[in-house]
Amino acid sequence: KDPAVLDAMRRVPREQFVPDLAVAEAYHDNALPIDCQQTISQPYIVALMSEAAELDGSQRVLEIGTGCGYQTAILAELAAEVISIERHMPWADQSRERLHGLGYTNIEIIAGDGTLGWPERAPYDRILVTAAAPRIPEPLWEQLAEGGILVIPAGDTKSQDLMAVKKCEGQPVVTHLSGCRFVKLIGAAGWDESNN
Ligand code: SAH
């Protein structure tokens, strides 16, 4: 519902983030497969997560799970700066190229295990996790600023609870947003590659 989020979604050309075969479906309200372990999230969920992050253009945001970079672009429209981590180096490289090609200058894409966050630049005003976590990764909680908001799908690998968790005097205050289904967050403070 947030007009700023809706405007951002009007500005970002989603057809440039999907594979050629799926371009005709780029504006359907569906997630689309990109390859076996990667999807471009459903636009409704991207909007819901962006709205829950309560961005007013001043925040520094850490995103985990760049994928094709669509959510990254929406965040860059709404925040001062976005640092996004993707575990698969080729996808990190491809999304960096795509986002810079679209003219974004406030995005940094890093290849690595996002469950560990990026301590060098902490604390972050907002952290968005766009892959399914078994629980809140401790390093991400530590790197969230006081008063900051973490948006994360947590649960099992089949379905998760999408939550916005605000850090109030060091304590988590949880708002439940929706049920959802993301691909696995794989890493030291996430799932193992092998389990389901
Ligand atoms: N944000 C994307 C959706 C990404 S799908 C969008 O806008 O559509 C989830 C992504 O998380 C995949 O690209 C996957 O490789 C990545 N991922 C999984 N575990 C990760 C980790 N520990 N660190 C960084 N990226 C991870």
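This is a short dialogue on reading a predicted model of a protein with its ligand.

Q: Since the model is predicted, what is the mean pLDDT of the protein?
A: A good habit is to begin with confidence, the pLDDT, which runs from 0 to 100. Here the protein has a mean pLDDT of 96, and 98% of its residues reach 70 or more.

Q: Among the elements, which has the lowest mean pLDDT and which the highest?
A: Strand 1, residues 32-35, has the lowest mean at 84, while strand 3 has the highest at 99.

Q: Now for the ligand: how many residues surround it, and which are the closest?
A: A residue joins this group if one of its heavy atoms lies within 4 Å of the ligand. In this model 27 residues do so, and the closest are Ser-41, Gln-71, Glu-86, Gly-114 and Ile-186.

Q: How many nonpolar, polar and charged residues does the shell around the ligand have?
A: Sorted by class, the shell has 12 polar, 10 nonpolar and 5 charged residues.

Q: Which polar atoms of Ser-41, Arg-87 and Thr-130 lie by the ligand?
A: For a polar contact, look for N or O atoms within 3.5 Å of each other. A polar backbone atom of Ser-41 is 2.8 Å from an oxygen atom of the ligand. Arg-87 also uses its backbone, with an N or O atom 3.2 Å from a ligand nitrogen. From Thr-130 comes a polar side-chain atom, 3.0 Å from a nitrogen atom of the ligand.

Q: How much of the ligand does the protein bury?
A: Compare the ligand taken alone with the ligand in place. Alone, the ligand exposes 590 Å², and the protein buries 99% of that area.

Q: Where does the ligand sit, and which elements give two or more residues to its shell?
A: The ligand sits in the largest pocket. Strand 2 (38-40), strand 3 (60-64), helix 3 (70-78) and strand 4 (81-86) each give two or more residues to the shell. Strand 2 gives the most, with 3 residues.

Q: Moving to the backbone, where is the cis peptide bond?
A: Check the omega angle. Ala-122 and Pro-123 are joined by a cis peptide bond, with omega about 5°. Pro-123 is in the loop between strand 5 (107-111) and strand 6 (124-129).

Q: What is the phi of Glu-54, and what is that of Glu-169?
A: Glu-54 has a positive phi of about 50° although it is not a glycine, and its place is the loop between helix 2 (43-52) and strand 3. Glu-169 likewise has a positive phi, near 50°, and lies in the loop between strand 8 (160-168) and strand 9 (171-180).

Technical notes
Residues are numbered from 1 along each chain as its sequence is written. This is a predicted model: local features need pLDDT of at least 70, side-chain atom pairs count only at pLDDT 80 or more; totals for chains, interfaces and linings use all residues. Side-chain values use heavy atoms; hydrogens and water are left out. A polar contact is a pair of N or O atoms within 3.5 Å; within protein, one must be able to donate a hydrogen and the other to accept it, and residues adjacent in sequence count only if both atoms are side-chain atoms. Accessible areas come from the Shrake-Rupley method with a 1.4 Å probe; for residues, only the protein chains shown count as cover. On a 1 Å grid over the protein atoms alone, a cavity is a set of points where a 1.4 Å probe fits but cannot get out, and a pocket is an open set with protein on both sides within 12 Å along at least five of seven lines; lining residues have an atom within 4 Å of a point. A molecule sits in a cavity or pocket if more than half of its atoms lie within 2 Å of its grid points. Helices (H or I, at least four residues) and strands (E, at least two) are DSSP runs, numbered from the N terminus. Ala, Val, Leu, Ile, Met, Phe, Trp, Tyr, Cys and Pro count as nonpolar, Asp, Glu, Lys and Arg as charged, and the others, Gly among them, as polar.
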